[in-house]
Amino acid sequence: MTETLLNTNMHDIHDIQLIRQKYVDNTAHLSTHPKSLNELIELLYEAFATNDVNIDYVHTIMNNYKGNVKEWAPFLKFQPNKYTRNLVDAGNGKFNLMILCWAESQGSSIHDHTNSHCFMKCIQGTLVETKYAWPKDGGENTETPMEIISRTELKDGKVAYINDSIGLHRVENPSHTDTAVTLHLYVPPYSHCSVFDERTGRTKEAHVTFYSINGLLTTSE
Amino acid sequence: MAAAALTTAEDYEGDYDLDDDFDDDEDDCNFSSETVLGDTIDYSHRNISMLDPNELLTLVKNPNRIKNFQLNSNQLLTLPSQIEQFQSLVTIELSNNQLVQLPAELSLLKNLKNLYLKNNSLDDFSLPKEFELLKQLEVINLGGNRLKQFPYQLFQMINLKEVYLGSNQIAFLPDLFQTLIKVEVLYMGGNQIGNVPDSIGYMRSLVVLNLSGNRLRTLPRSISRLGRLKSLSLHNNQFSALPPDIIRLDLQELSLRNNPLVVRFVRDLTYDVPTLKELAGRTIKLHKICYDDQSIPRSLIEYLNAAKSCLNPKCKGVYFESCHKNIKFVDFCGKFYLPLLQFLCSPACTSTPTFQMTSSDSDDNSDDVPNKDMSSKFKKVLLG
């Protein structure tokens with residue numbers, strides 16, 4: 001599947017052939033097994049070189065990337081009150097690659113992904129992803145508990161994928177003794193999303209921030 | 001490598017643990033050159049089930065030089081008593097072993113500040129009574145063991161700053177927390193605790209309190225005295241409501257997901273029928289009938305003056321002893337809904353379940369729910 005990023009014109013039927021050619025050309029020559037974090041980033045830049053992005057290829061390299069703790073060390077920053085988001089690469093604005101650090105029992109709110117693709121790879125410990133259905137629109141004053149679609153465990157390098165058409169999710173570290181770490185890729189990046197109240201389905205806008213960028217702590221809290 | 005288990009001032013104790021690296025290829029270490037480095041002995045990830053004291057003392061010429069002992073990720077069942085010779089030890093990392101017992105000689109290490117015992121097989125009899133002598137201990141991690149009781153020795157360790165007891169089987173907390181006045185982090189998640197004792201209110205240094213994954217239905221009112229508390233984790237419990245005092249806290253994070261309050265409405269709680277005295281008192285107050293010590297006894301004046309205002313902003317009524325407990329979801333920061341236990345004069349005063357609390361709504365001065373500056377007090381409330 002090829003995704004055309006924003007700011008390009010929609011192709012009509014005549015150009016589907018061209019798209020299929022690009023699908024083959026774009027990433028066929030690239031490695032599918034990045035051996036290091038730097039190589040993963042390089043391959044991502046290659047895959048994002050044009051506005052036509054092969055999302056399947058992106059999923060493949062996220063899956064196959066193994067990595068090791070030495071590579072992640074600058075981004076492993078844990079906080080006692082909340083999970084941290086640590087930007088690894090800003091991808092020229094086309095993607096964001098980041099590492100999230102979850103201390104014991106930490107979890108996220110239920111959130112959407114603002115029309116972006118989200119790949120989440122568990123690189124240490126265990127995560128539980130709970131997917132929720134979008135609240136049905138019953139009007140301003142209705143409050144309905146949100147419906148759980150699925151609950152899956154993520155560990156040992158497994159990659160989860162979500163976008164708004166699939167649903168919403170909450171991610172949490174279920175362990176009370178061990179930390180967990182995830183590698184996230186967002187295509188394209190976003191700085192705002194909606195968070196949802198599980199009890200009522202009501203939603204609010206949230207500003208998404210980084211705890212660190214390139215290993216350096218951001219000053220805002 | 002050794003730094004992974006050490007806490008620094010700004011880092012949370014739960015730093016990255018090499019043991020959990022799924023792509024670990026650090027099996028073969030050069031035994032002698034990397035084992036002892038400066039003031040650190042690194043025996044971690046060695047597959048050892050026993051520590052031979054003679055071998056250890058041969059390797060280390062001067063045990064008094066050693067400050068850090070990394071023994072994590074092995075199969076140790078205990079430590080030899082010769083550990084007492086390492087008098088300069090500040091940190092002992094024994095996480096991820098099979099410890100069933102610890103020697104009393106550990107308590108003789110007068111410089112020991114950090115003791116990591118996470119993910120072992122320690123039970124209520126494994127920690128020697130002498131442990132209470134470790135009065136300089138600052139960090140203790142007993143997560144992932146088999147404790148059924150809160151270790152009483154900890155109450156004697158008055159210099160403790162961080163206590164981790166996650167994932168055990170503790171069902172009861174003794175009311176002895178008033179000694180732990182230096183503790184900043186208390187992690188009790190993943191146990192079977194049904195009740196939090198009042199003495200928790202004395203832990204004035206507490207910044208992080210994790211009670212997630214237990215069987216809690218309520219919190220003691222003394223929780224509002226924890227003036228430094230910034231992070232309160234209550235998710236995965238049995239909370240249906242919280243004491244309104246919780247608003248007095250200056251929290252940055254509050255997690256409440258997976259509590260009954262989140263997925264279903266709570267019906268009204270019990271209502272005791274008021275006494276005649278109460279009804280008379282209510283009438284006097286409602287109709288603003290004048291009274292003074294010429295007309296009624298002093299004791300009744302005091303009774304009438306102790307009237308509490310009904311929290312329904314549209315009700316001008318009052319109550320004395322007989323009140324109706326209602327759970328009201330209060331909107332904070334325009335963002336999330338926090339369920340507070342409200343005291344009303346009767347079930348008729350229960351208003352709609354959710355409403356926006358603004359300063360114009362409430363014209364009463366009940367001190368059950370302070371109505372000024374609430375949005376500035378809560379920076380983030382995680383309910384959903």
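**Group meeting: sheets, salt bridges and a buried histidine**

Let's start with chain A. Seven of its strands make an open sheet, running β9-β6-β11-β4-β3-β14-β15, with mixed pairing. At the edges sit β9 (159-162) and β15 (216-217) of chain A, each paired on one side only. Before going on: this is a predicted model.

Inside that sheet, take β4 and β11 of chain A. Strand β4 covers residues 96-102, and strand β11 covers residues 180-187. Seven bridges join them, and they run antiparallel. For a landmark, find Cys101(A): across from it in β11(A) stands Val181(A).

Now chain B. The chain has 384 residues, and buried ones make up 52% of them. Its secondary structure comes to six helices and 16 strands. The accessible surface is about 17,400 Å², with 51% of that belonging to carbon and sulfur atoms. On contacts: take those in chain B between residues at least 6 apart in sequence. Of these, 46% join residues at least 24 apart.

Chain B has an open sheet too, built from eleven strands. The order is β1-β2-β3-β4-β5-β6-β7-β8-β9-β10-β11, so to speak straight down the numbering, and the pairing is mixed. The edge strands are β1 (36-37) and β11 of chain B, and each pairs on one side only. Look at β4 (residues 91-93) and β5 (residues 114-116) of chain B. These two run parallel, joined by three bridges. Thr91(B) stands opposite Asn114(B) in β5(B).

Stay in this sheet for one residue. Val208(B) belongs to strand β9 (residues 208-210) of chain B. Is Val208(B) buried or exposed? Buried, because its relative accessibility is 8% and the cut-off for buried is under 20%. What does Val208(B) touch, leaving out residues up to four places away in sequence? From chain A, Pro80(A). From chain B, Glu184(B), Val185(B), Leu186(B), Leu229(B) and Ser231(B). One distance for scale: Val208(B) and Asn119(B) are 89 residues apart in sequence, and their C-alpha atoms are 22 Å apart in space.

Next, charges. Side chains of opposite charge can pair when their charged atoms come close. How many salt bridges are there over all chains? A search of the whole structure finds ten. I'll show a few.

Here is one within chain A. Glu129(A) and Lys131(A) meet through their side chains, at 3.2 Å from N to O. Both Glu129(A) and Lys131(A) are buried.

Here is one between chains. Asp178(A) forms a salt bridge with Lys118(B), and the closest N and O atoms are 3.1 Å apart. Asp178(A) is in the loop between β10 (168-172) and β11 of chain A, while Lys118(B) is in the loop between β5 and β6 of chain B. Asp178(A) has 18% relative accessibility and counts as buried. Lys118(B), at 10%, counts as buried as well.

Then a pair on a helix. Arg298(B) and Glu302(B) form a salt bridge at 3.9 Å, N to O. Why about one helical turn between Arg298(B) and Glu302(B)? Because they are four residues apart in helix α5 (residues 298-305) of chain B. Glu302(B) counts as partly exposed, at 49% relative accessibility.

Last on charges, a network. Salt bridges link Arg151(A), Glu172(A) and Arg257(B). Keep Arg257(B) in mind.

That brings us to His235(B). Where is His235(B)? In the loop between β10 (231-233) and β11 (253-255) of chain B. His235(B) is buried, with a relative accessible area of 3%. Its side chain makes a polar contact with the side chain of Arg257(B), at 3.5 Å. A polar atom of the His235(B) side chain also lies 3.1 Å from the backbone oxygen of Ser105(A). Leaving out residues up to four places away in sequence, His235(B) touches Ser105(A) from chain A. Its chain B contacts are Ser212(B), Gly213(B), Ser255(B), Leu256(B), Arg257(B), Asn258(B) and Asn259(B).

To finish, the surface. Which residues form a nonpolar patch there? Tyr152(B), Phe172(B) and Leu176(B), with about 310 Å² of accessible area together. Tyr152(B) is in the loop between β6 (139-141) and β7 (162-164) of chain B. Tyr152(B) is partly exposed, with a relative accessible area of 43%. Patch residues need over 30%, so Tyr152(B) at 43% clears that cut-off.

Terms used:
Residues are numbered from 1 along each chain as its sequence is written. Chains are lettered from A and ligands numbered from 1 in the order in which they are written. This is a predicted model: local features need pLDDT of at least 70, side-chain atom pairs count only at pLDDT 80 or more; totals for chains, interfaces and linings use all residues. Side-chain values use heavy atoms; hydrogens and water are left out. Patches are made of residues with over 30% relative accessible area and no salt bridge: like charges are joined within 9 Å, nonpolar side chains (Val, Leu, Ile, Met, Phe, Trp, Tyr) within 5 Å. Accessible areas come from the Shrake-Rupley method with a 1.4 Å probe; for residues, only the protein chains shown count as cover. A salt bridge is a side-chain nitrogen of Lys or Arg within 4 Å of a carboxyl oxygen of Asp or Glu. Buried means under 20% relative accessible area, exposed over 50%, partly exposed in between (1.4 Å probe, protein chains only). A polar contact is a pair of N or O atoms within 3.5 Å; within protein, one must be able to donate a hydrogen and the other to accept it, and residues adjacent in sequence count only if both atoms are side-chain atoms. Contact means heavy atoms within 4.5 Å. Two strands pair if DSSP finds at least two bridges between them.
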